[in-house]
Amino acid sequence: MGEVLVLVDEVDGTVKKSTTELLTAARRLGNPSAVWVGPGISDAAMATLGEFGATKVYVAGDADVAKHPVAPAAEVLAQLVAQVSPVAVLVPSTADGKEAAGRLAIRAGAGIITDAVDVTLDGDRVVATQSVFGGSTIVHSTVTHGVPVITVRGNAIAPEAAPVTATREDVSVSLSEAARKATITGHTAAVKGGRPELTEAQVVVSGGRGVGSAEGFSVIEALADTLGAAVGASRAATDAGWYPHQYQVGQTGKTVSPQLYIANGISGAIQHRAGMQTSKTIVVVNKDAEAPIFELADYGVVGDLFSVVPQLTQEIAKRSS
Amino acid sequence: MKVAVCVKQVPDTWAEKRLREADARLDRESADGVMNELDEYAVEEALQLIEANGGEVVVISMGPERASETVRKALSMGADAGIHVVDDTLGGSDAVATSAVIAKAIEGRGFDLVIFGSESTDARMSVVPAMVAERLGWAQLTFAQKVEISGGEVSIERVTENGFATVTAATPAVVSVVEKINEPRYPSFKGIMAAKKKPVESLTAAELGLDAATVGAAAAWSAVNDFAARPPKAAGTVVTDEGDGGVKVAEFLATQKFI
């Protein structure tokens with residue numbers, strides 16, 4: 001079996017869950033090799049990568065790679081593609097990941113497929129499944145030129161452990177002049193609570209126009225916190241300034257696919273549905289019985305969210321105490 | 001300063017989209033064509049930069065004949081001139097070929113900056129700006145929530161998953177912007193009238209020096225094998241709140257083992 005390169009996504013040195021999903025997917029195509037771009041890989045990170053089946057971990061640990069955005073990861077991957085001729089390169093569908101994949105496709109002369117929700121091997125062909133137009137259409141695609149470069153959406157594939165001992169292989173990379181042209185001069189962390197990240201959360205609780213005000217979102221947040229959920233918002237709510245833009249779910253915001261999505265006061269225009277339609281279970285609370293979001297509901301309540309949601313929060317707290 | 005803004009005509013965001021049975025390509029005829037929403041922010045940012053620093057804004061679009069409406073819209077917002085790459089051989093181009101066309105249209109025209117929206121609402125790949133930067137060998141300053149120019153240096157706040165990174169480079173640079181960066185203006189009546197007299201250069205792939213064999217659907221490096229509508233979801237249970245709606249949802253969540 002050939003190698004499958006998986007670009008590792010990490011935060012503060014810890015391997016993100018999306019990487020364990022990619023390693024799981026990579027095992028269907030061949031032997032996964034993780035690619036770590038950044039200084040300082042910890043033993044814990046090596047262990048996590050091994051636990052999910054990475055037999056090799058390529059480490060491009062030169063301090064320079066962290067000073068420039070996106071291009072270094074693309075150049076490291078391009079170098080490895082030339083060196084090991086992998087079956088495929090899997091990259092997380094984050095902004096950084098997609099852009100690195102894009103640059104890699106140009107450098108390596110390879111076709112690219114983004115936002116896959118599954119990958120399989122059909123003979124010697126790698127087939128990617130995409131869920132497009134807000135999940136209304138399922139597409140199977142293949143890269144027809146060069147090494148398949150595929151970005152894989154978070155939360156789409158259930159991670160399964162397959163422990164091996166990962167062997168570290170250091171990669172020395174000489175960045176091109178172009179890759180060094182943009183320099184990261186600082187990071188500013190967003191003020192954030194203890195909630196999980198929107199695109200990785202198992203449960204998302206969202207509010208829309210029906211929430212009515214910034215203050216109204218405290219009801220949404222309270223429910224989210226009893227469920228350990230992330231908070232999302234429809235475009236109507238973020239455009240009105242009731243909730244920050246970075247939490248927008250929809251066509252012009254984030255795409256989420258949690259186990260449970262609770263939509264409160266959201267009518268369900270295509271703009272919003274495009275970002276949450278593939279959630280596994282959908283609960284809807286809305287005053288308007290005609291709201292199109294009810295078409296997606298596994299369970300819906302026609303009622304005022306300001307009475308239903310606090311009661312639900314209370315009931316969950318009661319049941320779990 | 002000379003700034004290029006790349007815009008794309010896409011099916012209206014609020015319309016249902018589908019693939020054509022015959023060739024698995026997006027059905028662009030069944031919905032109104034509009035300027036990709038995120039590109040409006042790119043146009044606005046370019047106009048603001050020029051208003052503050054002086055210079056000109058050139059709008060660039062690749063697309064069929066009717067995409068000229070989108071070029072015109074950018075001109076009516078205030079851009080000075082347009083380049084419309086229009087050529088039947090380009091239909092069905094993948095992101096790899098599209099980036100080659102855009103890079104060729106930018107190259108050699110003395111631009112200090114090229115600004116994109118961070119994604120198109122039809123294909124939603126978010127890769128073309130990075131690909132264009134790679135092809136041109138220019139600095140990539142993408143996903144910007146803020147852009148500042150001073151002398152020959154451009155600095156942005158790149159939105160990241162946990163905040164933002166400050167990224168700096170010397171021009172020329174490729175920038176993409178996110179929707180929270182500004183509030184795009186509406187074209188004024190005066191702007192709409194003025195746009196009619198602004199120059200738009202029409203170019204073919206060959207005129208850009210591209211080999212027809214490297215663009216279009218036949219040259220794409222990825223292909224759709226098959227596609228199907230997602231099976232419709234089984235209808236769920238909908239109840240009317242009679243004072244116990246919250247408890248009922250909790251009961252449902254309990255049966256599904258969420259609580």
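Helices and strands here are DSSP runs, numbered from the N terminus. With that settled, I opened the predicted model and began with a proline.

**Backbone oddities**

I looked up B:Pro172 and found it in the loop between strand S9 (163-170) and strand S10 (173-177) of chain B. The peptide bond leading into B:Pro172 from B:Thr171 is cis, with omega near 0°. Next I went to A:Val70, which sits in the loop between strand S5 (56-60) and helix H3 (71-84) of chain A. Its phi is near 65°, so a positive value, and A:Val70 is not a glycine. I noted both spots because most residues other than glycine have a negative phi, and most peptide bonds are trans.

**The A/B interface**

How many residues of each chain are in contact with the other? I got 88 residues on chain A against 76 on chain B. The area buried between the two chains comes to about 6,900 Å², and carbon and sulfur atoms give 56% of it. I then asked which three residues supply more than any other three of the area that chain A buries against chain B. They are A:Phe133, A:Gln251 and A:Tyr299, with 11%.

**Polar links**

I counted 37 residue pairs in polar contact between chain A and chain B, both residues at pLDDT 80 or more. On the chain A side, helix H4 (residues 95-108) gives the most to the surface touching chain B, with 9 residues. Sorted by type, that side of chain A has 36 nonpolar, 36 polar and 16 charged residues. The rule finds 5 salt bridges across the interface. One that I checked joins the side chains of B:Arg158 and A:Asp96, at 2.8 Å from N to O.

**Strands across the chains**

Which strand of chain B pairs with strand S9 (residues 137-143) of chain A? It is strand S12 (residues 222-229), antiparallel, over 7 bridges. I followed A:Ile138 across and landed on B:Ala228, its bridge partner in S12 of chain B.

**Rings**

I found 3 aromatic pairs over all chains. A:Tyr299 and B:Phe252 make a stacked one, 4.9 Å centre to centre with 20° between the planes. I checked where the rings come from: A:Tyr299 is in strand S17 (residues 299-302) of chain A, and B:Phe252 is in helix H6 (residues 245-255) of chain B, so by the DSSP runs this pair goes from a strand to a helix and crosses between chains. A:Tyr299 had already turned up among the three residues from chain A that I listed for buried area.

Methods: Residues numbered from 1 in each chain as written. Chains lettered and ligands numbered in written order. Predicted model: local features only at pLDDT ≥ 70, side-chain atom pairs only at ≥ 80, totals over all residues. Heavy atoms only, no water. Contact = heavy atoms within 4.5 Å. Buried area = accessible area lost by both parts, 1.4 Å probe. Salt bridge = Lys/Arg side-chain N within 4 Å of Asp/Glu carboxyl O. Polar contact = N/O pair within 3.5 Å; in protein donor to acceptor, adjacent residues only side chain to side chain. Helix = DSSP H or I, 4+ residues; strand = E, 2+ residues; numbered from the N terminus. Nonpolar A, V, L, I, M, F, W, Y, C, P; charged D, E, K, R; others polar. Pairing = 2+ DSSP bridges. Phe/Tyr/Trp six-rings, centres within 6.5 Å; stacked < 30°, edge-to-face > 60°.
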